[in-house]
Amino acid sequence: MYQNYFKRLSDIILSLVLFFIALPLMIIMFFLIWITIGFPIFSQKRPGLNGKIFTLYKFKTLFDSSKNISENERQSRLGNFLRKTGLDELPQLYNIFKND
């Protein structure tokens with residue numbers, strides 16, 4: 001029981017600390033993605049623990065597929081950089097804070 005409460009408390013504290021440390025970088029990335037790709041946040045419903053559905057948040061790394069273009073044409077240089085460095089995953093700190 002103590003371990004469950006301690007883990008949740010540490011998840012909240014660490015996600016908040018990391019969020020505020022990464023916030024300046026996330027704001028810069030938000031506007032760079034908005035300028036190059038479009039709206040910068042990607043969300044998707046996924047099953048989590050015990051099949052509970054949650055909404056995953058990431059920075060968008062591909063152009064929208066509304067046009068008939070190939071997968072290679074959908075990729076952007078900024079998006080490739082974000083994927084290689086893992087920076088596209090920073091909005092998931094919000095998922096950790098929410099306990100998703």
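The exercises below, each with a worked solution, concern a predicted model of a protein.

**Exercise 1. Fold outline and overall form**

Task: State how many helices and strands the protein has and in what pattern they follow one another, then decide whether the protein is a compact globule or more spread out.

Solution:
- Step 1. The secondary structure amounts to four helices and two strands.
- Step 2. Along the sequence these elements come in the pattern α-β-β-α-α-α.
- Step 3. For 100 residues the globule rule gives 13 Å, and the radius of gyration of the protein is 16 Å, well over that value, so the protein is more spread out than a compact globule.
- Step 4. The C-alpha trace spans about 50 × 30 × 20 Å along its principal axes.

**Exercise 2. Burial, surface and contacts**

Task: Find what share of the residues is buried, what the exposed surface consists of, and what share of the contacts joins residues 24 or more positions apart.

Solution:
- Step 1. Of the 100 residues, 26% are buried.
- Step 2. The protein exposes about 7,500 Å², and 64% of this area is supplied by carbon and sulfur atoms.
- Step 3. Among contacts with a separation of 6 or more, 52% are between residues 24 or more positions apart.
- Step 4. For the charges, the protein has 13 positive and 7 negative ones, and the mean positions of the two sets are 2 Å apart.

**Exercise 3. The loop between the two strands**

Task: Locate Asn 50 and Lys 52, and describe the backbone of Asn 50 and the surroundings of Lys 52.

Solution:
- Step 1. Asn 50 is placed in the loop that runs between strand E1 (41-47) and strand E2 (53-59).
- Step 2. Most residues other than glycine have a negative phi.
- Step 3. Asn 50 has a positive phi, near 60°, although this residue is not glycine.
- Step 4. The relative accessible area of Asn 50 is 76%, so Asn 50 is exposed.
- Step 5. Lys 52 belongs to the loop between E1 and E2, and its relative accessibility of 53% makes it exposed.
- Step 6. With neighbours within four places in sequence left aside, Lys 52 is in contact with Arg 46 and Pro 47.
- Step 7. From Lys 52 to Asp 100 the separation is 48 residues in sequence and 8.7 Å in space, C-alpha to C-alpha.

**Exercise 4. Ile 53 in strand E2**

Task: Is Ile 53 buried or exposed, and which residues does Ile 53 touch beyond four places in sequence?

Solution:
- Step 1. Ile 53 lies in strand E2.
- Step 2. Its relative accessibility is 53%; the cut-off for exposed is over 50%, so Ile 53 counts as exposed.
- Step 3. Not counting residues up to four places away in sequence, Ile 53 touches Lys 45, Arg 46 and Pro 47.
- Step 4. Ile 53 and Ile 21 are 32 residues apart in sequence, and their C-alpha atoms are 29 Å apart in space.

**Exercise 5. Aromatic pairs**

Task: Give the number of aromatic pairs in the structure, and classify the pairs Phe 19 with Phe 20 and Phe 30 with Phe 39.

Solution:
- Step 1. Searching the whole structure gives seven aromatic pairs.
- Step 2. Phe 19 and Phe 20 have ring centres 5.6 Å apart and ring planes at 80°; this pair is therefore edge-to-face.
- Step 3. Phe 19 is partly exposed at 27% relative accessibility, whereas Phe 20 is exposed at 55%.
- Step 4. For Phe 30 and Phe 39 the ring centres are 6.4 Å apart and the planes stand at 85°, so this pair is edge-to-face.
- Step 5. Phe 30 is partly exposed with a relative accessible area of 22%, and Phe 39 is partly exposed with 48%.
- Step 6. Phe 30 and Phe 39 form one aromatic cluster together with Phe 31 and Trp 34.

**Exercise 6. Asp 64 after strand E2**

Task: Where does Asp 64 lie, and which residues is Asp 64 in contact with, leaving aside neighbours within four places in sequence?

Solution:
- Step 1. Asp 64 sits in the loop between E2 and helix H2 (71-74).
- Step 2. At a relative accessible area of 45%, Asp 64 is partly exposed.
- Step 3. Beyond neighbours within four places in sequence, the contacts of Asp 64 are Ile 69 and Arg 74.
- Step 4. Asp 64 and Ile 37 are separated by 27 residues in sequence and by 8.1 Å in space, C-alpha to C-alpha.

Definitions and conventions
Residues are numbered from 1 along each chain as its sequence is written. This is a predicted model: local features need pLDDT of at least 70, side-chain atom pairs count only at pLDDT 80 or more; totals for chains, interfaces and linings use all residues. Side-chain values use heavy atoms; hydrogens and water are left out. The radius of gyration is taken over C-alpha atoms; the globule rule is 2.2 Å times the number of residues to the power 0.38. Buried means under 20% relative accessible area, exposed over 50%, partly exposed in between (1.4 Å probe, protein chains only). Contact means heavy atoms within 4.5 Å. Accessible areas come from the Shrake-Rupley method with a 1.4 Å probe; for residues, only the protein chains shown count as cover. Lys and Arg count as positive and Asp and Glu as negative; His and the chain ends are not counted. The place of a charge is taken as NZ of Lys, CZ of Arg, CG of Asp or CD of Glu. Rings of Phe, Tyr and Trp (its six-membered ring) pair if their centres lie within 6.5 Å; planes under 30 degrees apart count as stacked, over 60 as edge-to-face and the rest as tilted.
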